[in-house]
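Visitor: I'd like a quick tour of this one before I head back to the bench. Can you take my questions one at a time?

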Amino acid sequence: MRIDALDRATRSDRLHGRWMGLFAMLTLLVPLLLIGELLVDGLPALGADFLLRAPTDAGLGGGIGSVLVSTLWVLAVCQGVVLPLGLGCALFLVEHVRAGSRLERALQLTLDILGGVPSIVFGLFGNRFFAVELGLGFSILSGGLTLACMVLPLFIRAAEQSLRLCPDRYRSAAAALALSRWGFVRRILLPTAAPGIALGVVLASGRALAETAVLLFTAGYVTRWPGSWFDSGRTLAVHIYDLAMNVSGGSTNAAASALVLLVLAIGIQALAVALGRISRGASA
Amino acid sequence: MQFLSRNLFFVVTLVAALFATGCARESGEHLVVTGSSTIAPLATVLAERFEATHPGVKIDVQAGGSARGVADVRQGLANIGMVSRALKADEGDLLADTIARDGIAIIVHRDNPVAALTREQIIAIYTGQVRDWKAVGGADAPITVVNKAEGRSTLELFLSHFKLEAPAIRADVVIGDNQQGIKTVAGNPQAIGYVSIGTAEYEASRGTPIRLLPLGGVEASTAAVAAGRFPLSRPLNLVHRSELSGIARDFIAFARSAEVNDLVTGQYFVPPAVR
């Protein structure tokens, strides 16, 4: 190979690298702009009082304390259902169903269809089934259960993928040591898959936190402090939507609430990463 | 993960127990109000004040559109529906009580010489057929069309009154809330916009350089809206199936009383004339 050809190659590589760097910088600009706008609009309204008080005057006064509590309750109900159900389904898919069998294909197809259903359809279903037919009404429970139906396929997919990543030699070693199947799942499979499962929780929570229409139909619009799971409770996304769309002069508080939602989402992500790391450390 | 598997049983039991108790929920002094998302913020503040003076009463307000308000009242899912329009002919089975009126004023800068615009002129300006104030009897200057963002109830009312479709509008500036609209028009002598009439009247009286244009020969004022004379306005109704009793009747009477005028105007609506 001639020297100058090599030289040209490295030069074009360098140029390429610069272009890629530029695009990477542009991608970084998006979150910066987003957070910047929210900070400028919402920071003046943000304070300890804002986080601890219930909204008054349709959200123009007071804070978002009760809304925040409702959001966390809805999320807790959702995860409380999704985690055992989803993990069980993922384990069944990985451990007990033969790859390529009719059952496996049917399950995968069902999950794909469920995952592709638009969220508003889940909202209508949740309103009809949980709120009306089961008589739960507009409540935190209705909202959380509907959300659970919605994020279940997402979580199962994430959990399944991380379970399948477990190397086959672990399985062989467990069999060689005469470890029972459940023992293998509990002591080896789940701990090694924990970071991926944690990621599934983050993804599911992220989608749940972002949902507006679904929760407007199920968890409802009430801003009172929730007293039980049967009370209607407005979540942050619904609150932001209402302030931005239906309340005149609500844009400052909408931006401040959006900041809180953002911090909440990042917080859940950090928590999940930390949990994943701890459980991996414990198994090592 | 061990932690998880140990607690799984408890979570399942808890959820099952909650389901079981769900069937036996008490239904004491509990009102459900559903419907129009335009009225929902007002109903929420009304409910807040009503609850404060009636201990033990709970009023849950749920937003979801006027159509849902009608449907929920018919199915008995709600005690009271919120409907941000007059009842239609096929809704004769329901009774409506107007708790407020929502009116929109067309506003221009105070220095704009145009005294009034006809319905056709406003449509022409908003669809981009007329782009210069000279064509409608004003100065020789281009028109800055200020429109509301998609999803705003003010936009819906404006569009339905002028029989326009959202994509037909040619806007130069898109604004969010009323304050932003007033600021935009006050800062631009060539601008035309539309905002909630209560806000516009208040700002004009405080010396903000805007002017409210009359519509169809009726001056744009909260008094005209309250009397139901102003064309670009709609009633905000609480609807119910038959004559109500108890808490529901008290709440509607409270919502229509003069003691909540401050809450109605606080949401930029106009209290109805007859109290």
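Guide: Sure, and let's start with a definition: a disulfide is a pair of cysteine sulfur atoms within 2.5 Å. Keep in mind that this is a predicted model.

Visitor: How many disulfides are there over all chains?
Guide: A pair of cysteine sulfurs has to lie within 2.5 Å to count. Go through all chains with that rule and the count is zero.

Visitor: Which cysteine sulfur is nearest to that of Cys78(A), and how far away is it?
Guide: Cys78(A) is in no disulfide. Its nearest cysteine sulfur belongs to Cys149(A), and the distance is 9.2 Å.

Visitor: Is Cys78(A) buried or exposed?
Guide: The cut-off for buried is under 20% relative accessible area. Cys78(A) has 0% relative accessibility, so the verdict is buried.

Visitor: And what about Cys166(A), buried or exposed?
Guide: Cys166(A) is in no disulfide either, with the sulfur of Cys89(A) the nearest at 19 Å. Buried means under 20%. Cys166(A) comes in at 7% relative accessibility, so Cys166(A) is buried.

Visitor: Over to chain B. What percentage of its residues is buried?
Guide: Chain B has 10 helices and nine strands. Out of its 275 residues, the buried share is 51%.

Visitor: Among contacts in chain B with a separation of 6 or more, what share comes from residues 24 or more positions apart?
Guide: Here we leave out pairs with a separation below 6. Of the contacts that remain in chain B, residues 24 or more positions apart account for 72%.

Visitor: How are H2(B) and H9(B) oriented to each other?
Guide: H2(B) spans residues 40-53 and H9(B) residues 246-256, and their axes are 11 Å apart. The angle between them is about 115°, and 65 to 115 degrees is the range for roughly perpendicular. The crossing is right-handed. So the orientation is roughly perpendicular.

Visitor: How many residues of that contact are nonpolar?
Guide: On the H2(B) side, the residues include Leu46(B), Arg49(B) and Phe50(B), and they meet H9(B) residues including Asp250(B), Phe251(B) and Phe254(B). Two residues of the contact are charged and none is polar, while the nonpolar ones number eight.

Visitor: What covers the buried residues of H4(B)?
Guide: H4(B) runs over residues 119-126, and Ile122(B), Ala124(B), Ile125(B) and Tyr126(B) are buried there. Their cover includes strands E4, E5 and E7 of chain B, along with helix H5.

Visitor: Which residue just after H4(B) takes a positive phi?
Guide: H4(B) covers residues 119-126. Just after H4(B) there is a phi of about 85°, and the residue is Gly128(B).

Conventions
Residues are numbered from 1 along each chain as its sequence is written. Chains are lettered from A and ligands numbered from 1 in the order in which they are written. This is a predicted model: local features need pLDDT of at least 70, side-chain atom pairs count only at pLDDT 80 or more; totals for chains, interfaces and linings use all residues. Side-chain values use heavy atoms; hydrogens and water are left out. Buried means under 20% relative accessible area, exposed over 50%, partly exposed in between (1.4 Å probe, protein chains only). Axes are lines fitted to C-alpha atoms, for helices over the stretch in contact, and angles run from 0 to 180 degrees between N-to-C directions. Helices (H or I, at least four residues) and strands (E, at least two) are DSSP runs, numbered from the N terminus. Angles under 35 degrees count as roughly parallel, over 145 as roughly antiparallel, 65 to 115 as roughly perpendicular and the rest as oblique. A crossing is left-handed if the near helix is turned anticlockwise from the far one by less than a right angle, and right-handed if clockwise. Contact means heavy atoms within 4.5 Å. Ala, Val, Leu, Ile, Met, Phe, Trp, Tyr, Cys and Pro count as nonpolar, Asp, Glu, Lys and Arg as charged, and the others, Gly among them, as polar.
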